Each structure stands twice: as structure tokens, then as C-alpha cells.
Amino acid sequence: LDDHVMRDDDDQSKAATPPAAADDAAAATPDPTTAADGDDLAQAIAMSMTDDATTDPPDFAALDLPADFTGDYQLFALVTHKGRSADGGHYVAFVRQDGDKWLVFDDDLVSDSSTEFVVNNLKGGGDEHMAYLAFYRATSKATAAAAAAA
């Protein structure tokens, strides 16, 4: 086993890469910032590597978003898992109604709930509900104003 251990005094440990070989290795590594015009991936990489703070934000109007789009989202439904392991347990759906009202779909039983319950009691642990899937919808300026007024 000792025969396979490199020591500081071994001739091989003192060998250095010749400067010409190092230059060849650097030249063989492609530079993503000098991509051909048709190479989208290389262009995207080059853009992500720039520190240019003057880059203009995307033109959201070109994305066919509604004029009153705010970029805000509202949680409107959750699927929870209740149980101690992924091999067993039970799934329940919570769906927001108007304002603070939620409906709970537990198999064939539908019951009422509240935002307070959803926010404070779906964190999991032991046999408690844990939020598993969250569903959001984009809100408009009118929706945001109505929610603020409620």
C-alpha cells in the first residue's frame, strides 16, 4: 500500500505542466461569450455572465399580458397530505371562496374553513395536514383593490 502513496520528494510530484500545454488547454475551452449568432444557448449563457446594470427589463406588453396585470398572485387552493409517511396517509383539498371563506374537500365530506386555519394549521408534523400543492392565480389591479377593501 505504501508503494502507491505520493511523497513530496517523488520526481513525479515536482513535474509541472509545460507553459505551451497550459496555453493549448485554455485555447481548447470554448468561450460562451463569443458564440455564433445562431447559438441561442451560448447567447443566453453570455447574457447571464454580464454584470451590465443597464440591461433593459423585458417588454411585458409583448407577452400579451392584461393591461392591469400587477405581477401579484393569490393563493386559491391547496392540496394537503395528512400522515406520517409518503407510503400512507390521506389527501385533502382546500379551496378559497370569497374573502376569508374556504371549503375543505375530504373525500365525500365538504366543510367550511377560514384563512386563519389555512395559514396556521397546514404546516405538518406527525399526523397533521401539510400543504403539498399550492395553486395561485394572477391578480389584476381591480382584484388587488377589492381584496384590500375586504
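Leu122 is buried, because its relative accessible area is 6% and burial is assigned under 20%, exposure over 50% and partial exposure in between (1.4 Å probe, protein chains only). The model is a predicted one, in which local features need pLDDT of at least 70 and side-chain atom pairs count only at pLDDT 80 or more, while totals for chains, interfaces and linings use all residues. Residues are numbered from 1 along each chain as its sequence is written, and side-chain values use heavy atoms, with hydrogens and water left out.

Leu122 is located in the loop between α3 (115-121) and β5; helices (H or I, at least four residues) and strands (E, at least two) are DSSP runs numbered from the N terminus. When neighbours within four places in sequence are set aside, the contacts of Leu122 are Leu78, Thr80, Phe94, Phe117, His129, Met130 and Ala131, a contact being heavy atoms within 4.5 Å. The C-alpha atoms of Leu122 and Tyr132 are 9.2 Å apart, with their positions 10 residues apart in sequence.

His129, one of the contacts of Leu122, belongs to strand β5 and is likewise assigned as buried, at 12% relative accessibility. Outside the four nearest places in sequence, His129 touches Thr80, His81, Lys82, Val92, Phe94, Asn121, Leu122, Lys123 and Gly124. A C-alpha separation of 9.3 Å is found between His129 and Val79, which are 50 residues apart along the chain.

Aromatic pairs were assigned for rings of Phe, Tyr and Trp (its six-membered ring) with centres within 6.5 Å, planes under 30 degrees apart being stacked, over 60 edge-to-face and the rest tilted. The count by this rule is 3 aromatic pairs. For Phe76 and Phe135, the ring centres are 6.3 Å apart and the planes stand at 55°, so this pair is tilted. Phe76 is part of strand β1 (residues 69-85) and Phe135 of strand β5 (residues 129-140), so the pair ties together parts that are 59 residues apart in sequence. Both rings belong to partly exposed residues: Phe76 has a relative accessibility of 24%, and Phe135 has a relative accessible area of 36%.

Phe135 also contributes, with Tyr91, Tyr132 and Leu133, to a nonpolar surface patch of about 430 Å². Patches consist of residues with over 30% relative accessible area and no salt bridge, like charges being joined within 9 Å and nonpolar side chains (Val, Leu, Ile, Met, Phe, Trp, Tyr) within 5 Å; a salt bridge is a side-chain nitrogen of Lys or Arg within 4 Å of a carboxyl oxygen of Asp or Glu. Strand β5 supplies the largest share of the nonpolar patch, 3 residues.

Strands β3 (residues 101-106) and β4 (residues 109-114) are paired in the antiparallel sense through 6 bridges, pairing being assigned where DSSP finds at least two bridges. The two strands form a hairpin with 2 residues between them, and Asp107 in the turn has a positive phi of about 55°. Within this pairing, Trp102 is opposite Ser113 in β4.

The chain as a whole contains 4 helices and 5 strands, in the order α-α-β-β-β-β-α-β-α along the sequence. Of its 150 residues, 12% are buried. Residues at least 24 apart account for 43% of the contacts between residues at least 6 apart in sequence. The accessible surface, obtained by the Shrake-Rupley method with a 1.4 Å probe and, for residues, with only the protein chains shown as cover, is about 11800 Å², of which carbon and sulfur atoms make up 55%.
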